[in-house]
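Please look through the model shown below before reading on. The paragraphs after it take its helices and strands in turn.

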Amino acid sequence: MSPTDDPAPTGHPDGAPEVDLLVMTLDAADPEINTRLAPLLDDEERARAARFHFDRDRRTYIAAHALVRSVLAVRTGIAPARLRFTAGARGKPELAAGQMPVLADGRPALRFNLSHTREAVAVAVSTDPACAAVDLGVDIEAADRLGDYDARIARSFFAEDEAAALEALPTAAERARRFLTLWTLKEAVIKTTGQGLSQKLSGFSIRFPAAWPADGLLPDIEARDPAPPPGLAWHLTHQELPPADGRGGLHLAGALLAPVRQPRPRWRLHRVTPAMLPRLHPQAAG
Ligand SMILES: CC(C)(COP(=O)(O)OP(=O)(O)OC[C@H]1O[C@@H](n2cnc3c(N)ncnc32)[C@H](O)[C@@H]1OP(=O)(O)O)[C@@H](O)C(=O)NCCC(=O)NCCS
């Protein structure tokens with residue numbers, strides 16, 4: 001996965017499913033986020049934004065929903081503020097019927113998920129027909145979120161084997177890094193199934209490769225449990241994004257349930273800025 005500034009779908013000549021991960025870092029004090037991005041939201045979201053107590057939370061919310069709407073506008077040709085959403089059983093948002101692109105057999109042809117943290121928002125999206133039968137989750141966290149790593153937290157949130165492997169790491173920095181890697185991956189998994197926190201993080205286990213790759217990129221990590229539904233396989237990705245522009249580093253994870261028969265998915269990372277959003281969808285219908 002390497003950063004690119006072109007978030008448009010490119011197709012998949014070798015048949016591999018393609019998933020785009022868009023990450024936007026925020027200057028939470030930037031007043032332009034409200035003026036520039038709020039028009040991309042609908043009335044209900046603007047009303048929800050107005051109810052936040054802290055302006056910083058309001059800006060993160062506006063930025064997150066402007067990003068997801070912009071990305072979906074590119075994929076559907078519908079203007080951002082006109083997109084409508086419905087919620088699955090535990091609140092996982094999806095596009096409303098009538099706006100959701102569908103395949104010839106009626107299955108949804110677009111999957112997405114949103115995550116936000118203090119200084120950044122992330123969206124995972126795929127309109128790849130190869131992914132049509134499956135689902136997608138994403139999680140982003142600030143690298144300094146944990147502060148001082150505490151083994152008790154790992155033992156209460158992770159599976160026994162995960163916590164033991166983590167505690168065996170030799171330095172506190174490695175343990176903190178592994179904690180956030182696992183945390184984001186596991187959140188991405190529960191956001192893929194849509195179960196959210198009703199699915200206990202300690203109830204399933206993610207296996208890492210024996211050696212940690214030098215570039216920190218773990219392209220596919222096995223999640224043995226929960227077992228994927230018949231015919232589907234878990235594909236996970238995790239990346240540490242280094243500090244930039246005076247902001248801290250980030251942990252980003254994506255999870256995809258895809259048909260077993262397909263090649264491994266191709267994850268494409270895009271760094272976008274608030275200024276780019278209104279330019280992403282010039283042709284979307286008003
Ligand atoms: C989904 C959930 C895991 C989010 O975790 P989080 O790390 O705090 O938040 P993130 O920033 O990564 O993701 C939030 C976004 O995920 C999406 N989302 C909401 N519910 C979701 C679900 N069930 N599955 C996947 N994505 C979901 C939304 O877009 C949400 O953003 P929004 O609130 O601004 O619309 C958590 O809120 C949850 O478990 N919700 C399910 C409801 C539930 O079981 N509640 C019981 C609470 S005790």
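How many residues does helix H6 have, and how far does H6 reach from its first C-alpha to its last? Helix H6 spans residues 172-193, which makes 22 residues, and reaches 32 Å, close to the 32 Å expected at 1.5 Å a residue. The expected span is 1.5 Å times one less than the number of residues in the helix. Helices (H or I, at least four residues) and strands (E, at least two) are DSSP runs, numbered from the N terminus.

The model is predicted: local features need pLDDT of at least 70, side-chain atom pairs count only at pLDDT 80 or more, and totals for chains, interfaces and linings use all residues. Residues are numbered from 1 along each chain as its sequence is written.

H6 is mostly covered, with 17 of its 22 residues buried. A residue is buried if 20 or more other C-beta atoms, placed from the backbone, lie within 10 Å of its own; with 12 or fewer a residue is exposed, and in between partly exposed. Just after H6, Gly194 has a positive phi of about 85°.

H6 lies across strands S7, S10 and S11, and runs at about 150° to S7. Here contact means C-beta atoms, placed from the backbone, within 7 Å; axes are lines fitted to C-alpha atoms, for helices over the stretch in contact, and angles run from 0 to 180 degrees between N-to-C directions. The 3 strands form an open, antiparallel sheet in the order S7-S11-S10. S7 (135-142) and S10 (232-241) are the edge strands, each pairing on one side only. Direction ignored, neighbouring strands of this sheet are turned by 10° against each other on average. Strands count as paired if DSSP finds at least two bridges between them. S10 and S11 (residues 250-259) are joined by 10 bridges, and Thr237 has Gly254 in S11 as its bridge partner.

Helix H3 (residues 55-76) also has 22 residues, and reaches 31 Å against an expected 32 Å. Because 17 of the 22 residues of H3 are buried, H3 is largely enclosed by the rest of the structure. Gly77, just after H3, takes a positive phi of about 80°.

Strand S6 (residues 120-126) has 7 of its 7 residues buried, so S6 is largely enclosed by the rest of the structure. In a regular strand the side chains alternate between the two faces of the sheet. In S6, Ala120, Ala122, Ala124 and Ser126 point one way, and Val121, Val123 and Val125 the other. S6 pairs antiparallel with S2 (residues 18-25) over 6 bridges, and with S5 (residues 111-117) over 7. Val123 in S6 stands opposite Leu22 and opposite Leu114. S5 and S6 form a hairpin with 2 residues between them.

Definitions and conventions. Contact = placed C-beta atoms within 7 Å.
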